[in-house]
Amino acid sequence: MIERIEQSLDGKWEFWVDSGATLAPGRLAAEESRPILVPGPWQAQADDLRTYSGPAWYRRAVEVPADWLAHALILCFGAVDYRAEVWWNGQPAGEHEGGYLPFELDVTAAARPGRNELVVRVADPPELFREIPHGKQSWYGPLSGIWQPVRLECRPATHIRRVRVTPDAATGRVSLRVETSRPLAEGDRIEARFLSPQGAEVATTDHVGAGLKPAPTVQGAEVARTAPTAELNATVAAPELWDIDSPRLYTVEVTLETEASRDMRAETFGFRTIEAREGRLWLNGRPLYLRGALDQDYYPDLIYTPPSYEYIENEFRQAKAMGLNCLRVHIKVADPRYYEAADRVGLLIWTELPNWAQLTDAAIARGRETIAGMIERDWNHPSIIIWTIINEAWGTELATNPDHRAWLAEMYAWVKGLDPTRLVVDNSPCFDNAHVKSDLDDFHFYAAMPDDTAVWDALVGGMADRAPWLYAPDCQTAREDGAPLVISEFGNWGLPDIGPLLAHYGREPWWFETGWEWSGGDVYPHAAGQRFHDLYLDRVFGDYAGLAHASQWAQFEALRYEIETMRLHPPIAGYVITEFTDVHWECNGLLDMLRRPKAHYDRLREINADTMLIPRVARRAWRAGETADVALHLSHFGPRPLRDAALTWSLAGDGVPHAEGTIGGIAAATAQVIPLPPLRLELPDATRPTRLSLWLALADETGQEVARNELPLILFPPATPASRVVACAEERLAGALRQAGYTIAADAAAGAPLVVTTFDQSTRRFVERGGQVLFLAQKPDALQTSVPRLALRARRGTPWSGDWASSFAWYRRDLWAGDIPGDGRFDFAFASVLPETVIDGVHPADFREEVLAGLFVGWLRRPAALVRQLPLGKGTLLVSTLRLRDGLGADPVADKLVGELLSLLSSKQQVSRSVLN
């Protein structure tokens, strides 16, 4: 009795580029081939193929045992991008269009015993690109070819083609739809055997032919699928639910027996429910706080193609170790192994239809065919909970075209009809586009941190209040009051260490030469290591690995603040961090491109947690002896209510007394955000600037820790009246300087440094005659005369804002402010003084000594100064765009930095006098 046997066809194939489109199956031997790996896009395998997207040919020999020829030989492709034509022994075997879905071809009639020839022509026509689902290929480059596995199966002539499993968690009922290759004959039998997660048989059911009914046609799809179908039902008593922490998978073994053959397919499935109601997501009837990351599903070597199932499972375990419970597969249909690994590891998946570039009838047809195929292929996976149709209106004109909005509303209803068991997002929007009809009200927003904390706070508050901009103006009535609110894209960059990348690729990764066309070249990685030295950043961070380490901690602190803010708002139901791993030039991953953990890997679980402690304080910098009031909140989404929990806190720093305390009797229901008693911290004495950490930990009634967080602070010594004399003619600024302890000279000519907030021609002449000027240049118009190599630019509305390709601000601790503990970056302790203006026109050589603080964007691009010293005539001009003026006398950071800058001027004045003498 014949049973199914399969032969993998993965490995080395012969490959020809056919840029002239002149080859044919019979003429391949006349042209020299090159080897290529299947599966894998051809762009990933040779430098000269990186951008090629024309036709190409594949060929390999296939050995077919003689005894297979009495049965059905089925050639199975996982996915080929984009059009595939197939020949078996020179005879056409079939063709397929679509870059993401599987297809099968029956090659029985053309097969012979022994050596057979398989030829595949793949065409990825550039002229179709705008109207085909292609996803992020428009960002990271085209991908073509046989990118998923290929196999040859020997099957019985009557065999199972597909098994769809639909479980009902409430009743334990399981509905099966079994498609077969041909109608069953009298006496043919289908039997289904259900196995528990532990492998025990828990139910059986069967169906006896003949005359199976055809499966329903997929309406609106370009290709209608019909096949003989059997419907079977069974009930599993007291089913065990599939869940994040207990991914219990059942197995159904479906056997088709005929008089001459036996065919069996095994499918795994899980009992689970997902709902969107009352403003929450509900998994298996309990509130779920979605803690996701965007996953482009790109890999270091073969780009689209994962190295192995084990590789995927390992990275998913890393995701869970970081506290994530969901990945949003971004506008790509992943390899089926991706969803299998998510099922087994216990990770929720939000998956999306790849976008096209222009909404035409052809694009609509292809889009419907693709998402219908996605739903059909991946129906059985309990990990998949959300489908998205459009991302950020890409490929549509949602903001301006009401016909497109009407189409999307119809598309939402159509997809919902195809799969009523999952949630559907119409358009996952950002500003300038919105929802029309959706099960989730999600939104994308990026903000520089800590520069734009106020902007972030306002955006999150608007989301929590269900701001009107979530929906198109003419679609407001389509809003569901109970739709969960999810910030589904946000994040910040954390540069990877390039050393391991160079070691892995043996040179600069090929993708270091990509990204130049985005954001004005800010995300172009090439020669980043050289720029590190050109900007003398080794004086700050030692080596590039030190900069990467600092950048990654900046990323963590940004994410912590952003997540804390979202968790403060009870209506927010979850978030999706951009992103899970770095992707080529995009460096906002929690892991790098090689899946190496970034510096904060072991800390991410503190901020991605069911239960979160949220401290809020007016500022992060304090003076010794001050009292800091810390507001505390608890966001609890754990599986059980908290009863009699206890919060312990400790305040510690190098060389200062330790303080600690406990707050007991804390109770919170699941899915609740509550205020806790505030902390009043009497800050210790300090003789030098000192970093402090306020550590918070929450233990439940059993003593098990359920939440942990840290609030970093910086402590400055008490303010002491400065004996320094400065000159200042601006009444408001002079008052602030007096408040900070300075003595104001009556005349700048008396030899005291002059402090100004505008720099005009008269001030320039003062410097040129030998004066020392501290110019607090907070706005571009503060510069009212021409100074060589000095230009002031506003950050807002420019790449220097750092909202997308993150900005990174640093200072030269070897030249000033060296007693402030830290790693040389302006972190949240400096948030009050971070600038709205940068100093442009700076040459790399100026970073040797003249630039005392600076900023770059993305891959060390757009270097600008924040503090710069310039010789001008006989004097010195010291320019700072840091926001120091308004904090003088009240903000310890502003006082400290102004004091450091004035000390620099004084030292230069002394040097100047000694030279003259």
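**Exercise 1. Place Gly-854 and its partner in the strands around β47.**

Gly-854 stands opposite Ala-865 in β48. The model is predicted, with local features requiring pLDDT of at least 70, side-chain atom pairs counting only at pLDDT 80 or more, and totals for chains, interfaces and linings using all residues. Residues are numbered from 1 along each chain as its sequence is written, and side-chain values use heavy atoms, with hydrogens and water left out.

Step 1. β47 and strand β48 (residues 861-872) pair in the antiparallel sense over 5 bridges, where pairing requires at least two DSSP bridges between two strands and strands are DSSP runs of E, at least two residues, numbered from the N terminus.

Step 2. The two strands form a hairpin with 3 residues between them, and Gly-858 in the turn has a positive phi of about 60°.

Step 3. Strand β45 (residues 807-811) runs antiparallel to β47, joined by 5 bridges, and Phe-808 stands opposite Phe-856 in β47.

**Exercise 2. State whether β47 is buried or exposed.**

Strand β47 (residues 851-857) is mostly covered, with 7 of its 7 residues buried, that is, under 20% relative accessible area with a 1.4 Å probe and protein chains only.

**Exercise 3. Describe which elements line the second largest pocket.**

Step 1. β23 (286-288), α11 (604-607), β35 (642-653) and β39 (705-716) each supply at least two residues of the lining, helices being DSSP runs of H or I, at least four residues.

Step 2. The largest share, 4 residues, comes from β39.

Key
Buried means under 20% relative accessible area, exposed over 50%, partly exposed in between (1.4 Å probe, protein chains only).
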